[in-house]
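Work through the exercises below with the sequence and the 3D structure open. Each task is followed by a solution in steps.

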Amino acid sequence: MTGRIERRFAALAEEGRAGLVTFTMMGDPDIETSYAILEGLAEAGADVIEIGSPFTDPMADGPVIQRAGQRALRAGITLEKSLALARRFRAQDDTTPLVLMGYYNPIYIYGVERFLNDALEVGLDGMIVVDLPPEEDAELCRPALDAGLSFVRLVAPTTDEARLPAVLTNTSGFVYYISITGITGAAGATTAATQMAVDRLRRHTALPIAVGFGIKTPDQAAEVARVADAAVVGSALVSAIEDGLDVDGGATAACRDNALALVRALGKGVRAARQEAAS
Amino acid sequence: MSARGANRPGPDAEGHFGIYGGRYVAETLMPLILDLETAYEQAKDDPAFTEEFERLLSHYVGRPSPLYHAERLSEHLGGARIYFKRDELNHTGAHKINNCIGQILLARRMGKIRIIAETGAGQHGVATATVCALFGLPCTVYMGETDIERQQPNVFRMKLLGAEVVPVDSGSRTLKDAMNEALRDWVTNVETTFYLIGTVAGPHPYPAMVRDFQSVIGRETREQIMAAEGRLPDTLVACVGGGSNAIGLFHPFLDEDGVRMVGVEAAGHGVESGKHAASLTAGSPGVLHGNRTYLLQDEHGQIIEAHSISAGLDYPGIGPEHAWLRDSGRVNYVAITDDQALDAFHLCARMEGILPALEPAHALAHVVELAPGLPNDHILVMNMCGRGDKDIFTVADTMGASL
Ligand SMILES: Cc1ncc(COP(=O)(O)O)c(C=O)c1O
């Protein structure tokens, strides 16, 4: 399968650099502002874009992303509206991969078949569903692969050698290595630990490896970019958006400005990483 | 009796009861959940494990709990012969401790050095803090801020027992949010920590494991009713929050066609008001906290906050085996309002000298509806799964009394 994700990672390999994967929540702090941010991400330096779809009970997320989800739900976002934002994005940008990230229940209630049809139709490339391990592949993973969408799997530090092959089967697009046992927004892993984990994964898969959880600064992103194929930044970006809210929690221009400024800085960090390492 | 008939097939190897159950958790937790399953399967077959479980149940918890013929209440209602299975007499005052003894033994066997739990009414928190004190393990209990306010006595008890009580201020600040927070802790501290879930919910193997530990209630009831009446009961009634006391009573009887079973959910202000916790009566299937089951949710799959005067029933889901038993029709599920439960609470206090917890007061309110229409030789067993000491502040509040 050569979709946008594959083409993007191939291009990155060609350039000899790692990619930057961003996560922002659709509907945070309101639907239009979240779109204004989404629209600017690629130009600011995001190579792959994860769009968050909120759930009332995000059991793998820390306080920052929990709050983003609550703001988004209050703003009236739904899976349907998130897909509509993806469609708008795709009309402007036909190359940047777009991956929807969320929890299973809203997709289950939307209807798996309907979701996959609509996802393809709006130009989504794949999905990351936090609470669907390989044990539940029959639910969404296999139907998604059959439909031609990527199902990006999370691999954790607790995923042992015996389990890795099962986790990597039916994974496509890229592998998302969670560098710590923890929730989003926690402190990150050391470079040495990340390096070891990435080496271990490379022995099992030829897929690109993105590393996330705990990356907050351009320096940290650069460190990850030296060893992995991409660095994923979520909570730090969501915090930047949150910092731009006015006293009543309303959006201001600073939400978008803060977010895109951070993405620019992260993008520079990621782009410079291997050059520095080489020189 | 251990042979499984058509009504007790589950779960399958993947932890499913029909379409319900399963393991919908983050990858970080998955390896541990598989370890837990293996450890539990081994423990179950180890006579030493069973022996220690039973020893602690008799000498520490005080089992068997009596099966008591509530004669005055039976006479007052004028119908069925009503028995109470008196799990409120257990150490710590509810059925929750049965499961905690089983899980703490398993935690020790697995070499875990830290215990976490969620709690609603605080009964499971107290029971967990108790077994942690007994086994010398540090204990952290997550509890919603709303529940902390309405279950003050239990919060203090947990602290006296050496547990750390962490207030949870997200979402509805009740049991569901406490469970989210406990899962977050577990994802973070997965190597050292054992998550001691308090009901038949969560990912496989919890629903089956907690059920097995609580089934002591039904096994004892079977023996005791045979001794008292020479036959099996006609009807079993139990309240359902997550469903552990109910499945504990029901499970050993599920293959007995002659035994009717009723699970009683919390209708809060009334099912039509939208402020209730009746997921089987008014919910629909969805995925939350590691399993597929009936949930209170909107048309977008977002979870709706539950409401009940009883903190232990204030949960928008239900154990997956109950979801399956509802669909199969083997168990009937009904809903009782806050007001009905309060009336039953007062009735029981005056008529039997027992202050029931507000959770089994829901079961009792259904017994009050049901019993008068039944013949005098109809044997009805209700699970008196907790005592009401913890609820006196809530009840005082409804009476305008201040303590
Ligand atoms: C006394 C009592 N009964 C019932 C429940 C509800 O739980 P379950 O449905 O698992 O028995 C609780 C929960 O806190 C409780 O404390």
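**Exercise 1.** Locate Phe213(A) in its chain, and decide whether Phe213(A) is buried or exposed.

Solution. The model is predicted.
- Step 1: Phe213(A) sits in the loop that runs between β8 (209-212) and α10 (218-227) of chain A.
- Step 2: Its relative accessibility is 11%. The cut-off for buried is under 20%, so Phe213(A) counts as buried.
- Step 3: The phi of Phe213(A) is near 85°, a positive value in a residue other than glycine. Most residues other than glycine have a negative phi.

**Exercise 2.** Carry out the analysis for His289(B): what is the place of this residue, and is it buried or exposed?

Solution.
- Step 1: The loop between β11 (284-288) and β12 (290-295) of chain B holds His289(B).
- Step 2: Phi of His289(B) is near 50°, again positive in a residue other than glycine.
- Step 3: His289(B) counts as buried because its relative accessibility is 2%.

**Exercise 3.** Find the cis peptide bonds that precede Pro64(B) and Pro205(B), and place both prolines.

Solution.
- Step 1: From Arg63(B) to Pro64(B) the peptide bond is cis, with omega near -5°. Pro64(B) belongs to the loop between α2 (47-61) and β3 (67-69) of chain B.
- Step 2: From His204(B) to Pro205(B) the bond is also cis, with omega near 15°. Pro205(B) lies in the loop between β8 (193-195) and α9 of chain B.
- Step 3: For reference, most peptide bonds are trans.

**Exercise 4.** Describe how α9(B) is covered and how α4(B) crosses it.

Solution.
- Step 1: Helix α9 of chain B spans residues 206-214, and 9 of its 9 residues are buried.
- Step 2: The axes of α4(B) (residues 96-109) and α9(B) come within 8 Å and cross at roughly 115°. The crossing is right-handed.
- Step 3: On the α4(B) side the contact includes Lys96(B), Gln103(B) and Leu106(B), and on the α9(B) side Tyr206(B), Met209(B) and Phe213(B) are among the residues involved.
- Step 4: Sorted by class, this contact has 5 nonpolar, 5 polar and 1 charged residues.

**Exercise 5.** Which residues does Thr158(A) touch, and where is Thr158(A) found?

Solution.
- Step 1: Thr158(A) is in the loop between β6 (153-155) and α8 (164-168) of chain A.
- Step 2: Leaving out residues up to four places away in sequence, Thr158(A) touches Thr181(A), Glu27(B), Thr28(B), Pro31(B), Val190(B) and Glu191(B).
- Step 3: A polar atom of the Thr158(A) side chain lies 2.8 Å from the backbone oxygen of Thr28(B).
- Step 4: With 11% relative accessibility, Thr158(A) counts as buried.

Key
Residues are numbered from 1 along each chain as its sequence is written. Chains are lettered from A and ligands numbered from 1 in the order in which they are written. This is a predicted model: local features need pLDDT of at least 70, side-chain atom pairs count only at pLDDT 80 or more; totals for chains, interfaces and linings use all residues. Side-chain values use heavy atoms; hydrogens and water are left out. Buried means under 20% relative accessible area, exposed over 50%, partly exposed in between (1.4 Å probe, protein chains only). Helices (H or I, at least four residues) and strands (E, at least two) are DSSP runs, numbered from the N terminus. Contact means heavy atoms within 4.5 Å. A polar contact is a pair of N or O atoms within 3.5 Å; within protein, one must be able to donate a hydrogen and the other to accept it, and residues adjacent in sequence count only if both atoms are side-chain atoms. Axes are lines fitted to C-alpha atoms, for helices over the stretch in contact, and angles run from 0 to 180 degrees between N-to-C directions. A crossing is left-handed if the near helix is turned anticlockwise from the far one by less than a right angle, and right-handed if clockwise. Ala, Val, Leu, Ile, Met, Phe, Trp, Tyr, Cys and Pro count as nonpolar, Asp, Glu, Lys and Arg as charged, and the others, Gly among them, as polar.
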